[in-house]
Amino acid sequence: MVRTSICGAGVNPSPSAGRLSPLLFRNQAHCPSPRPLQVTRMELWPGLWTLLLLLALLLPTLWFCSPSAKYFFKMAFYNGWILFLAVLAIPVCAVRGRNVENMKILRLMLLHIKYLYGIRVEVRGAHHFPPSQPYVVVSNHQSSLDLLGMMEVLPGRCVPIAKRELLWAGSAGLACWLAGVIFIDRKRTGDAISVMSEVAQTLITQDVRVWVFPEGTRNHNGSMLPFKRGAFHLAVQAQVPIVPIVMSSYQDFYCKKERRFTSGRCQVRVLPPVPTEGLTPDDVPALADTVRHSMLTVFREISTDGRGGGDYLKKPGGVGEAQL
Ligand SMILES: CCCCCCCCCCCCCC(=O)SCCNC(=O)CCNC(=O)[C@H](O)C(C)(C)COP(=O)(O)OP(=O)(O)OC[C@H]1O[C@@H](n2cnc3c(N)ncnc32)[C@H](O)[C@@H]1OP(=O)(O)O
Ligand SMILES: CCCCCCCC/C=C\CCCCCCCC(=O)OC[C@@H](O)COP(=O)(O)O
């Protein structure tokens, strides 16, 4: 197919050329053809069509026959689609500059994704959100799919606290920055704490709400990791309530370890706000423990194994052997 002209291969026209690989040797004097490495367009088409045909057969076969391949395609599309949506969101958000109101735009753009994936998100307890005051939302963090539940209930003027690495996630990072997402460097505790302290100041003055994943990282083991205390210090410093939100386990439709991703249901439960008025930094450990305990109780209550019960969470030694 590809017509190449390797002139002089096998001959040794000069002493210096003799030291070169014959394949690298090209000398116009010995090469009458002026068209080396020439590929005509017509010659490429059959190869291209065969490749496309193979892909067109292979991808659906993998999709239907291999749950793992399906998992990878779905996750790749999820990330790719968010990156694409972010490209659309950036110019719209850029009009306002970095502004928490831009979060509304991101929220609207992401709301449809649950339909693409056949995930039914059921919200309960939305009336618990305090109507018009700053507060700190804390929620469990299972996967990047949490964005679906998060966008379903995200209150106005509410920004998430995210790991700094997300800032470099291409268009999504820029969109997050424009929407006022607060980035922290988890490797530098001191810096992260001072960012959180600044947030405590602006929470009141700029009337914003903050969404924190107190586990500090994704966790899909059927329980909740011990909570980091930043969110609770933040609420106590600003003397604002904490609104706990629990997303039920994704186990019935999503499991990273098993490479399984089907359609399913998820419940997002907003719990009553926990006041922090009058609390001091000394109260933070107990506050964090109390909130985690109540969230874990609800998590176990609303999580199912896809067969209609929450039993998998209660099996001795099973994934749900939570550290209460
Ligand atoms: C269209 C495009 C759309 C794009 C998508 C848009 C949506 C994007 C959504 C993005 C979602 C992205 C989601 C994500 O990215 S999740 C990952 C990032 N988020 C978090 O990590 C949040 C949770 N982490 C914390 O709160 C941690 O505590 C921090 C990070 C602050 C420090 O953690 P670290 O592990 O380094 O230290 P430590 O917790 O052991 O603490 C050490 C000590 O310091 C004390 N301490 C802590 N804090 C404070 C404080 N403020 N004032 C005073 N003291 C404080 C603390 O009590 C402890 O002392 P002691 O108790 O042991 O004596
Ligand atoms: C040109 C650079 C291209 C970079 C491409 C990066 C691909 C990223 C693609 C899409 C971004 C989707 C944004 C989803 C946001 C979900 C946030 C999330 O779940 O982050 C994880 C973080 O909470 C905890 O991280 P770890 O569990 O500690 O790890």
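In the predicted model examined here, ligand 1 is surrounded by 28 residues, of which the closest are Lys 163, Thr 189, Lys 228, Arg 229 and His 233, a residue being taken as near a molecule if one of its heavy atoms lies within 4 Å of it. Residues are numbered from 1 along each chain as its sequence is written, while chains are lettered from A and ligands numbered from 1 in the order in which they are written. Local features need pLDDT of at least 70 and side-chain atom pairs count only at pLDDT 80 or more, whereas totals for chains, interfaces and linings use all residues, and side-chain values rest on heavy atoms, with hydrogens and water left out.

Polar contacts to ligand 1 (pairs of N or O atoms within 3.5 Å) include one from Arg 229, a polar side-chain atom of which lies 2.7 Å from a ligand oxygen. His 233 places a polar side-chain atom 3.0 Å from an oxygen atom of ligand 1, and for Gln 237 the partner is a nitrogen atom of the ligand, at 3.2 Å. Taken alone, ligand 1 exposes 1300 Å², and the protein buries 80% of that area, as computed by the Shrake-Rupley method with a 1.4 Å probe. Two or more residues of the shell are given by each of α2 (67-94), α3 (102-110), α5 (146-153), β3 (158-163), α7 (189-205) and α8 (230-238), where helices (H or I, at least four residues) and strands (E, at least two) are DSSP runs numbered from the N terminus. By class, the shell holds 18 nonpolar, six polar and four charged residues; Ala, Val, Leu, Ile, Met, Phe, Trp, Tyr, Cys and Pro count as nonpolar, Asp, Glu, Lys and Arg as charged, and the others, Gly among them, as polar.

Around ligand 2 there are 13 residues, the closest being His 141, Lys 163, Arg 186, Thr 217 and Arg 218. Oxygen atoms of this ligand are approached by a polar side-chain atom of Thr 217 at 2.6 Å, by one of Lys 163 at 2.9 Å, and by a side-chain N or O atom of Arg 186 at 2.9 Å. Ligand 2 on its own exposes 770 Å², of which the protein buries 66%. Helices α2 and α6 (170-178) each supply at least two residues of this shell, and the largest share, three residues, comes from α2. The shell around ligand 2 divides into five nonpolar, five polar and three charged residues.

Helix α2 packs against α6 at an angle of about 35 degrees, with the axes 8 Å apart; axes are lines fitted to C-alpha atoms over the stretch in contact, and angles run from 0 to 180 degrees between N-to-C directions. The crossing of α2 and α6 is left-handed, a term that applies if the near helix is turned anticlockwise from the far one by less than a right angle, with right-handed denoting a clockwise turn. Contact, defined as heavy atoms within 4.5 Å, involves Ile 82, Leu 83, Ala 86, Val 87, Ile 90, Cys 93 and Ala 94 of α2 together with Ser 171, Ala 172, Leu 174, Ala 175 and Leu 178 of α6. This set comprises 11 nonpolar residues, one polar residue and no charged residues.

With α3, helix α2 forms an angle of about 145 degrees at an axial separation of 10 Å, and the crossing is right-handed. Among the residues that make this contact are Ile 82, Leu 85 and Leu 88 of α2 and Ile 105, Leu 106 and Met 109 of α3, within a set of 10 nonpolar, one polar and no charged residues.

The axes of α8 and α9 (residues 284-302) come within 9 Å and cross at roughly 120 degrees, in a right-handed crossing. Phe 232, His 233 and Val 236 of α8 meet Val 284, Leu 287, Ala 288 and Val 291 of α9.

Technical notes
A polar contact is a pair of N or O atoms within 3.5 Å; within protein, one must be able to donate a hydrogen and the other to accept it, and residues adjacent in sequence count only if both atoms are side-chain atoms.
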